Structures are given as C-alpha cells and as structure tokens.
Amino acid sequence: IFDSGPGFDTLTLTGNGNGSFAASSASNIEAFQKTGTGSWTLTGTTTNVTPWTISGGTLAISNGAALGASSGSVTLDGGTLRASVSATVANDINFSDGSISTVSAAPGQTLTLNGFWNLQGATNSKVIFGSAADTGTIALVSIGSTFGLLSNNSIQVAGGTLQTSGTDPGLASVTVDAGAILDFSVQQGQPAIYNLLGGGTVITGAAALVLGQGNFSGNITGA
C-alpha cells in the first residue's frame, strides 16, 4: 500500500473478524488505526514511522518492530495491544482521556515496553494488563515514564505478571486480581502505590513498598 499524493492519509484496520497485515506493506501513510471488535495481527517488521491508535478490538504483534520506528508512538484508545510471542516495543505509549485499554501477552510470552509510558498525560483512563486467557508477562521499563501516582487514572493486573523495573515506580489506583502478580523485584526505585485493591500477589523486592490506602486481601511478599 503506497500513497504518493498530497494530504494526510490514515490506514484503518477494522471489522469484527480476524485478519493479518504485513507491516512493511504500507508507506507514505501518516497514521494507522485499529477499530472494530475483531483482531488483526501485524506480521513482519518495518522501519517506517507508523503511529498507531488502537481504538477497538485487538492489534496483535509477533515482533516489536511491527509497530514501526520508535519515533512513531502508540496511542491506546480503548483497544488491546497483544503480543502473541515474546517481543520488545521501543515506541512511546500514550493514552486517550476516558479510555479503558488492555496490554497483554500470550501465556509463556513476555512483552517488554521500553518506550515512554505516559499515563499521567491522560485523564480518567484505565489500563488493564493481561487477562484470564493472556497470562504472559508485561515488563514495563518505566525510566522517565509517568504512571500518575496521585492521578485519577487506574491500573488493573487481570492476569499474568506486570513487572516494573524503571526509576519512577509510583502507581495510582491499582487492582491486582486473584491469580495475577504485580512484581517490583527488579525495581530501581522505591515502589509506591496510592490505592491498592484486589486479591492477587505483590512482590516487593529489596525496597520497602509504600502504600497510601487500599483494600487488599492478597499476598505481599519479598522477592
């Protein structure tokens, strides 16, 4: 898919079924969007700048470079970003106001997010990590990123493991569901949670965990 004409062009993957799209097949397109309730898989890789907005359904990747050059951000706007195999994503992650979005990895797989994580830049947004079916690990390298310690945004670990390892470990309202894990064992700074809820497991690592408030019935344990 090649566009050589003037103007701003958007490529949209939509529909209610499943499909696949070769990341390298599009060029000279300024924006990419995933809508609808279906699941599309990006195959292959591309070095083009391909900023994605995920507004509905699932955008699955089998290689982090399928999302294009790191200068093109990914905006979560109510859809799901899923890694079907272990992958590393270098793109920045932004959020739309009022959105409920999901980031997940297939069982036994790890999705590493190395880009800037800008939850602080959104209002009334929620991010869900994993699910009952997607029990892989999300490794969030949060150096310089903003979770929003005292913001009105929230995080839910619904399945698998969320592991943070950066220098800004402050989390806003966090729910860790039963069977899910929030892992601070490789955290560089002191982890802090403003409001901890749920019945899962929190691994603190070497640093003490700072809690503001909460209603938590799960397990808090050292590494």
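**Figure 1. The one salt bridge.** The structure holds one salt bridge, and this close-up of the predicted model zooms in on that pair. The partners are Asp134 and Arg82, whose closest N and O atoms sit 2.8 Å apart. Side chains of opposite charge can pair when their charged atoms come close. The two residues come from distant parts of the chain, 52 residues apart. Arg82 belongs to strand E8 (residues 80-83), while Asp134 is in the loop between strand E14 (126-129) and strand E15 (137-140). Is Asp134 buried or exposed? Asp134 has a relative accessible area of 10%, so it counts as buried, because the cut-off for buried is under 20%. Arg82 has a relative accessible area of 23%, which makes it partly exposed.

**Figure 2. Aromatic rings that meet.** Searching the whole structure turns up three aromatic pairs. One of them is Phe95 with Trp117: the ring centres are 4.9 Å apart and the planes stand at 70 degrees, so this pair is edge-to-face. Why does that angle earn the name edge-to-face? It does because planes over 60 degrees apart count as edge-to-face. Once again, distant parts of the chain are linked: Phe95 lies in strand E10 (residues 93-95) and Trp117 in strand E13 (residues 117-118), 22 residues apart. Both rings belong to buried residues, with Phe95 at 8% relative accessibility and Trp117 at 0%. Look for Phe129 too, since ring pairs link Phe95, Trp117 and Phe129 into a cluster.

**Figure 3. Strand E11 and its two partners.** Start with strand E11 (residues 100-105), which is mostly covered: five of its six residues are buried. Strand E11 pairs with E8 in the parallel sense, over four bridges. E11 also pairs with E14, again in the parallel sense and over four bridges. Strands of a sheet pair through backbone hydrogen bonds, either parallel or antiparallel. Thr102 is a handy residue to follow here. Which residue stands opposite Thr102 in E14? That is Ile128, while Thr80 is the residue opposite Thr102 in the pairing of E8 with E11.

**Figure 4. An open sheet of six strands.** Here the strands run in the order E1-E3-E5-E7-E10-E13, with parallel pairing. Strand E1 (10-13) and E13 are the edge strands, each pairing on one side only. Inside the sheet, strand E3 (residues 31-34) and strand E5 (residues 52-54) pair in the parallel sense over three bridges. To line up those two strands by eye, find Phe32, which stands opposite Trp52 in E5. In a regular strand the side chains alternate between the two faces of the sheet.

**Figure 5. Gly72 in a loop.** Gly72 is in the loop between strand E6 (58-61) and strand E7 (74-76). A loop residue can still be covered: Gly72 is buried, with a relative accessible area of 2%. Which residues touch Gly72, leaving aside its neighbours within four places in sequence? The contacts are Val49, Pro51 and Asn91. Val49 is 23 residues from Gly72 in sequence, yet their C-alpha atoms are 5.1 Å apart in space.

**Figure 6. Leu111 in the largest nonpolar core.** This core has 47 residues, and Ile61, Leu111 and Trp117 touch the most other members. Strand E18 (residues 170-176) gives the most to the core, with three residues. Leaving out residues up to four places away in sequence, Leu111 touches quite a list, including Ile61, Ala83, Val103 and Ile138. Trp117 is one you have met already, as a member of the ring cluster with Phe95 and Phe129.

**Figure 7. Thr161 and its contacts.** Thr161 is found in strand E17 (residues 161-164). With a relative accessible area of 15%, Thr161 is buried. Not counting residues up to four places away in sequence, it touches Gly136, Thr137, Ile138, Ile181 and Asp183.

**Figure 8. Zooming back out.** How many helices and strands does the protein chain have? There are zero helices and 23 strands. Of the chain's 223 residues, 48% count as buried. The chain exposes about 8900 Å², and carbon and sulfur atoms supply 49% of that area. Among contacts between residues at least 6 apart in sequence, 35% join residues at least 24 apart.

Definitions and conventions
Residues numbered from 1 in each chain as written. Predicted model: local features only at pLDDT ≥ 70, side-chain atom pairs only at ≥ 80, totals over all residues. Heavy atoms only, no water. Salt bridge = Lys/Arg side-chain N within 4 Å of Asp/Glu carboxyl O. Buried < 20%, exposed > 50% of the residue type's maximum accessible area, 1.4 Å probe, protein only. Phe/Tyr/Trp six-rings, centres within 6.5 Å; stacked < 30°, edge-to-face > 60°. Pairing = 2+ DSSP bridges. Contact = heavy atoms within 4.5 Å. Areas by Shrake-Rupley, 256 points an atom, 1.4 Å probe, with all protein chains shown as cover. Core = buried A, V, L, I, M, F, W, Y, C linked by side-chain atoms within 4.5 Å.
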